[in-house]
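Student: Could you take me through a single helix of this model, with the criteria behind each statement spelled out?

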Amino acid sequence: MDKPFAHNRIEYLVNLTQPKKTDKILNVGISNIPEIEIILEKKVKECVTVDIDDKKLKYASKYLKNTKLIKEDITKKTSLKDNYFDTIIISEVLEHIDDDKYVVKSLCKLLKKGGKIIVAVPNKAFLHIINPVKYAEHKRHYANEDIQKLLESNGFKVNH
């Protein structure tokens with residue numbers, strides 16, 4: 001029997017990055033415990049995380065040794081270098097942003113030619129909509145075709 005691709009969500013996202021020692025990876029948005037960064041910072045040349053929340057960034061710094069943490073609002077022009085990152089991860093962030101099209105277009109500029117973006121968003125499903133707390137926190141939910149259309153309209157080829 002083949003080995004599973006991943007045992008949990010974090011492992012799944014990390015495995016999608018296919019990290020190499022020469023990679024520069026940008027993670028947009030930090031979770032309460034920076035699990036993705038903890039794993040990636042040991043596997044890549046450079047790991048950068050941006051978030052608008054000072055408290056989350058400060059808390060995350062306790063867990064991280066080699067991840068550069070930047071307070072930055074990705075919905076505006078950023079100080080990040082164009083054509084710099086091999087991979088960008090944006091997980092559970094786009095649904096909170098008013099102009100998701102602008103953000104995806106901006107992230108595209110930050111990627112090296114041939115780079116990849118890994119996007120995770122809530123699925124537009126009945127069970128998500130009936131949870132009023134979660135639904136109220138989000139600007140939108142995405143059906144698979146919605147997120148695919150958003151990414152393809154910005155030049156990305158959806159592989160997974």
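Tutor: What follows is a close look at helix H1 and its surroundings. The model is predicted, so local features need pLDDT of at least 70 and side-chain atom pairs count only at pLDDT 80 or more, while totals for chains, interfaces and linings use all residues. Residues are numbered from 1 along each chain as its sequence is written, and side-chain values use heavy atoms, with hydrogens and water left out.

Helix H1 spans residues 9–17, where helices (H or I, at least four residues) and strands (E, at least two) are DSSP runs numbered from the N terminus. At its N-terminal end Asn8 acts as a cap, with a side-chain oxygen 3.1 Å from the backbone nitrogen of Ile10; after the helix comes Gln18, whose phi is positive, near 50°.

H1 packs on an open sheet of five strands, ordered E3-E2-E1-E4-E5 with parallel pairing (two strands pair if DSSP finds at least two bridges between them). The helix touches E1, E4 and E5, contact meaning heavy atoms within 4.5 Å, and its direction makes about 165° with that of E5, using lines fitted to C-alpha atoms, for helices over the stretch in contact, and angles from 0 to 180 degrees between N-to-C directions.

The buried residues of H1 (under 20% relative accessible area, 1.4 Å probe, protein chains only) are Ile10, Leu13, Val14, Leu16 and Thr17. Because they cover an arc of only 160° around the axis, they lie on the same side of H1, the arc being that of the directions from the helix axis to the C-beta atoms. What covers them includes E1, helix H2 (35–40), E4 and E5.

Methods: Buried means under 20% relative accessible area, exposed over 50%, partly exposed in between (1.4 Å probe, protein chains only). A polar contact is a pair of N or O atoms within 3.5 Å; within protein, one must be able to donate a hydrogen and the other to accept it, and residues adjacent in sequence count only if both atoms are side-chain atoms.
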